[in-house]
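Okay, thanks for coming, everyone. Let me pull the model up on the screen, and then I'll walk you through it.

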Amino acid sequence: MNESAQGSRQIFINGELTIYTASEWRDKLVNEMAGNDDIRLELAEVSEIDSAGLQLLLAVQRQAAGEGRQLHFGQCSSVVRALLDFAQLMQSLNVNMQSLGHGEQP
């Protein structure tokens, strides 16, 4: 996690974001999201994601919005982009289409 001087916090999620790891990531995100800072989630190092991971991302977005905070999605790995494309959530989650993980092409 990194914090910037503008009151925003950068959170990196790496490895699996699946039903097997979602509760662990949920606990980490709850702790990382304490405070009033805006959040930027970096997902470039996510190696696997399933519907549980997607549900967690949606819950994080809902929590941030409920608290009046901005949530931005930074770089996304190809597996994250593929799932968000499949679910047609790229625009509604405000994913930065220009920041692709690992030099990948859209």
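**Strands, crossovers and a core**

So, let's start with one pair: Arg40 has His72 as its bridge partner in strand 4. The chain gets there from strand 3 by way of helix 2, and that β-α-β crossover is right-handed. By right-handed I mean that, with the strands pointing away from you, the path from the first strand over the helix to the second runs clockwise. Helices here are DSSP runs of H or I with at least four residues, strands are runs of E with at least two, and both are numbered from the N terminus.

Quick word on where this comes from: it's a predicted model, where local features need pLDDT of at least 70, side-chain atom pairs count only at pLDDT 80 or more, and totals for chains, interfaces and linings use all residues. Residues are numbered from 1 along each chain as its sequence is written, and side-chain values use heavy atoms, with hydrogens and water left out.

Back to the strands. Strand 3 and strand 4 run parallel, paired over 4 bridges; to count as paired, two strands need at least two DSSP bridges between them. Strand 2 also pairs with strand 3 in the parallel sense, over 9 bridges, and one partnership across to strand 3 is Ser8 with Asp38. Add helix 1, and strand 2, helix 1 and strand 3 form a right-handed β-α-β unit.

Now, what does Gly15 in strand 2 touch? Leaving out neighbours within four places in sequence, Gly15 contacts Glu45, Val46, Ser47 and Glu48, where contact means heavy atoms within 4.5 Å. Gly15 and Ser47 sit 32 residues apart in sequence, but their C-alphas are 5.0 Å apart. Gly15 counts as partly exposed because its relative accessibility is 25%; buried is under 20%, exposed over 50%, partly exposed in between, using a 1.4 Å probe and protein chains only.

On to the largest nonpolar core, which has 26 residues; Ile13, Leu17, Leu41, Leu43, Phe73 and Leu84 touch the most other members. Such a core is a set of buried Ala, Val, Leu, Ile, Met, Phe, Trp, Tyr and Cys residues joined through side-chain atoms within 4.5 Å. Beyond its sequence neighbours within four places, Ile13 has contacts including Trp25, Leu29 and Leu41.

Last stop, helix 3, residues 78–86: Val80, Arg81, Leu83 and Leu84 are buried there. The buried residues of helix 3 pack against strand 3, helix 2 and strand 4. Just past helix 3, Gln88 takes a positive phi of about 55°.
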